[in-house]
Amino acid sequence: MEWGGVTAYLVSLVIMASIYGVFCLGLNIQWGYTGLFNIGIAGFFCVGAYTSAMITRPMPSGILANYVHQLFGLNMPFVFGLLGAAVVCGVVAFIIGIPTLRLDEDYLAIATLGIAETFRLIFNNERWLANGPQGLMGLPQPLSSWVSGRQYDYVYLVIVLIVMVLVYLLIEKGIRSPWGRVLRAIREDEISASASGKDVFRFKMQSLVFGSMVMGIGGALYAHYTKAISPDVFTPLYGTFIIWVMLMAGGSGNNKGALLGAYVIWGIWIGSDFMMDMLPDVIRDKGPYLRFLLVGILLEIILIYRPQGILGEEKKVSIMAD
Amino acid sequence: MAELIVYGIVLGSIIALGAIGITLVYGIVRMANFAHGEFMTWAAYLALFIVTVVLPWLGVPDSTFGPLSFGWRMLIAFPVTMVAVAFIAIFFDRLLYKKLRFKKSSAVILAMSSLGVSFILRMIILIVWGADYRFFRPGVMRPALELPLGIKIRPDQIFILTVALVLVVLLYLFLQKTKMGKAMRATADNTELALISGIDTEGIVMWTWGIGGGLAAAAGILYGIDVQIHPGMGWNFVIPLFAAAILGGIGNMYGAFVGGLVIGVAEQVSTAFLLPTYKLAVAFMIMILILFIRPQGIFGGSEK
């Protein structure tokens, strides 16, 4: 492979890892700082991606309208896609939160898992909504009129990194505020947090909604990178499980850890793809399964031997103390 | 409609067998086991392996019982698989969950570990067997019996109902009459008190996994007999299983049985109005509804 090819490959790798990084940051708000067990990330991934796609795409017209169905098409700029994805995911999270956040953590887990599977079913079966199993293709990319072809990836890389850093800074600010301290107090001991006069339900809800909005942005970033989305992308494996492994590996309760985990695990994931190429044909056909098996074993090892992840939680000092 | 209700009861009895395991593990081991569906998948594939490879090699004849779609091979494979999956469940407890319990990891970490186990188990199935759909006995569809009200039911389905009922009655007798069963109920009620009374809770935990795994195995094989076998079958059961357990009051095994029947009937009846693929979403909606109205379930759960 010539050098141009290698760098192009690296750029695409970093873009995907950074998009996963955004998901990890969202999950870190929920799990790392508040202890909320969301195993339906794929659902927010899916809703975020579809929302942004439909906000930025025009309504299909002419002959195309016979083949492509979608609920709405607003033809608006990319930024509105990101914001819309965040808002819709926030609303979904709010609805799930009402019955589950007063109960044990496990109920939230089951409910989020259920909502993720339900969304996938709906997007698969309802053609009028977003073109069913074929999904939506040819999504617009921001600033694509400036640069074309393969060079465009560099532009998108910058956009993704800007969004990721903004999300990171926003969460860091929130987490070092009194609001963030309440979240961590709830994670450590719900009863004493509530005895100190904190409305535990309300703070959990804010954390769930905030984290899910970040996941919605992640979904939108993904949609405009690949330009094509269909329901089979948002499976529990690619949409939920791998993000959990990233956060646990990097260090939950630490935003730098969340990002580090995303890059490390995505690196391992892509690297293992190369390793599979070296194996004999019989095994290589099983490649994707084998790689997920290894990721699953990695998660179990982390949970038992290093539950704090690579970085572990860092001590949070109030911004007031600086 | 009457026919859909009957099919719903058949599906519901399969869900009930799985949900009892979920609720037992939740009540006694105090963890949400997301790998429970995978026990069903493993059971179906293990039974398939025994029926199509091991028993023919041992020379067990391939005859069928009258109107049923299976014969001695399945009758031998059934209990063997139940025991095997019970040991698989115990194995993962010893390998992973026990370590986490001893480290005083939170219930959520245990649940996450079980989620990892569920992916590991499914990937092994996909590596060994591939992603194709399989049947215990391909081809021949047995003629259905005509019941009053125009209900058509296959003899296999009557067999499924009978087996499920027998297993639940056996479990009832075990929990009510044996010392181990009483100790299990005591642990589910109050773990600390059970410990103080000298009950060996780690032993109870192993029995719980064994029984849960064995019942899940039965559910998986029965589903395989009724419908088909594929790597995603168990994962698709996770939501209905939890819905049934929550509906009956988590920790309450009799509630889980009734919950399973309710979910099964609701799923089948919904196919009269909705696409059959939405069955899972129907189970999920019922669960959300219950969480809104009565989160402790219809019959109330065990004390936590």
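Which residues touch the most other members of the largest nonpolar core? In this predicted model, the largest nonpolar core holds 207 residues, and those that touch the most other members are Cys24(A), Ile217(A), Ala43(B), Val85(B) and Ala243(B). The paragraphs below begin with chain A, move to the contact between the chains, and then turn to chain B.

Ile217(A), one of these core residues, has contacts from several parts of its chain. Leaving aside residues up to four places away in sequence, Ile217(A) touches Val22(A), Gly48(A), Leu82(A), Ala85(A), Ala86(A), Val163(A) and Val167(A). Cys24(A), also among the residues that touch the most other core members, appears in turn among the contacts of Met246(A).

Met246(A) belongs to helix α11 of chain A, which comprises residues 236-250. Because 30 other C-beta atoms lie within 10 Å, Met246(A) is buried. Beyond its neighbours within four places in sequence, Met246(A) is in contact with Tyr20(A), Cys24(A), Gly261(A), Ala262(A) and Ile265(A). Ala193(A), by contrast, is 53 residues from Met246(A) in sequence and 29 Å from it in space, C-alpha to C-alpha.

Val209(A) lies in helix α10 of chain A, residues 200-226. This residue counts as buried because it has 21 C-beta neighbours inside 10 Å, where the threshold for burial is 20 or more. Val209(A) and Val87(A) are separated by 122 residues in sequence, yet their C-alpha atoms are 9.2 Å apart. The contacts of Val209(A), not counting residues up to four places away in sequence, are Gly90(A), Ala93(A) and Phe94(A).

Asn75(A) occupies a loop of chain A, between α3 (64-67) and α4 (78-100). Is Asn75(A) buried or exposed? With 11 other C-beta atoms within 10 Å, Asn75(A) is exposed. Its phi is positive, near 60°, although the residue is not a glycine.

The two chains meet through 32 residues of chain B and 32 residues of chain A. On the chain B side, the elements that give two or more residues are α3 (72-102), α4 (107-129), α9 (233-247) and α11 (279-293). Of these, α4(B) supplies the largest share, 14 residues. The side of chain B that touches chain A is made up of 27 nonpolar, four polar and one charged residues.

Helix α3(B), one of the elements on that side, has 31 residues and reaches 44 Å from its first C-alpha to its last, close to the 45 Å expected at 1.5 Å a residue. At Arg94(B), α3(B) bends by about 45°. The helix is followed by Lys104(B), whose phi is positive, near 60°.

Tyr97(B) is also found in α3 of chain B. Tyr97(B) counts as buried because it has 24 C-beta neighbours inside 10 Å. Apart from residues up to four places away in sequence, Tyr97(B) touches Met31(B), Phe92(B), Leu110(B) and Ser113(B). Of these, Met31(B) is 66 residues from Tyr97(B) in sequence and 9.4 Å from it in space, C-alpha to C-alpha.

Helix α1(B) is mostly covered, with 21 of its 27 residues buried. The span of α1(B) agrees with expectation, because 27 residues at 1.5 Å a residue should cover 39 Å and the end C-alpha atoms are 38 Å apart. Just after this helix comes Arg30(B), with a positive phi of about 60°. Arg30(B) lies in the loop between α1 and α2 (36-58) of chain B, and is not a glycine. Arg30(B) has 17 C-beta neighbours inside 10 Å and therefore counts as partly exposed.

Finally, helix α6 of chain B, residues 179-189, has Ala183(B), Met184(B), Thr187(B) and Ala188(B) buried. Why do these buried residues lie on the same side of α6(B)? They cover an arc of only 140° around the axis, and this places them on the same side of the helix. The buried residues of α6(B) pack against α1 (2-28), α5 (155-177), α7 (191-196) and α8 (201-226) of chain B. Helix α1(B), the mostly covered helix described above, is thus among the partners of the buried residues of α6(B).

Definitions and conventions:
Residues numbered from 1 in each chain as written. Chains lettered and ligands numbered in written order. Predicted model: local features only at pLDDT ≥ 70, side-chain atom pairs only at ≥ 80, totals over all residues. Contact = placed C-beta atoms within 7 Å. Helix = DSSP H or I, 4+ residues; strand = E, 2+ residues; numbered from the N terminus. Nonpolar A, V, L, I, M, F, W, Y, C, P; charged D, E, K, R; others polar. Core = buried A, V, L, I, M, F, W, Y, C linked by C-beta atoms within 7 Å. Buried ≥ 20, exposed ≤ 12 C-beta atoms within 10 Å, placed from the backbone. Expected span 1.5 Å × (residues − 1). Bend = angle between axes of the 7 residues up to and from the residue. Arc of directions from axis to C-beta.
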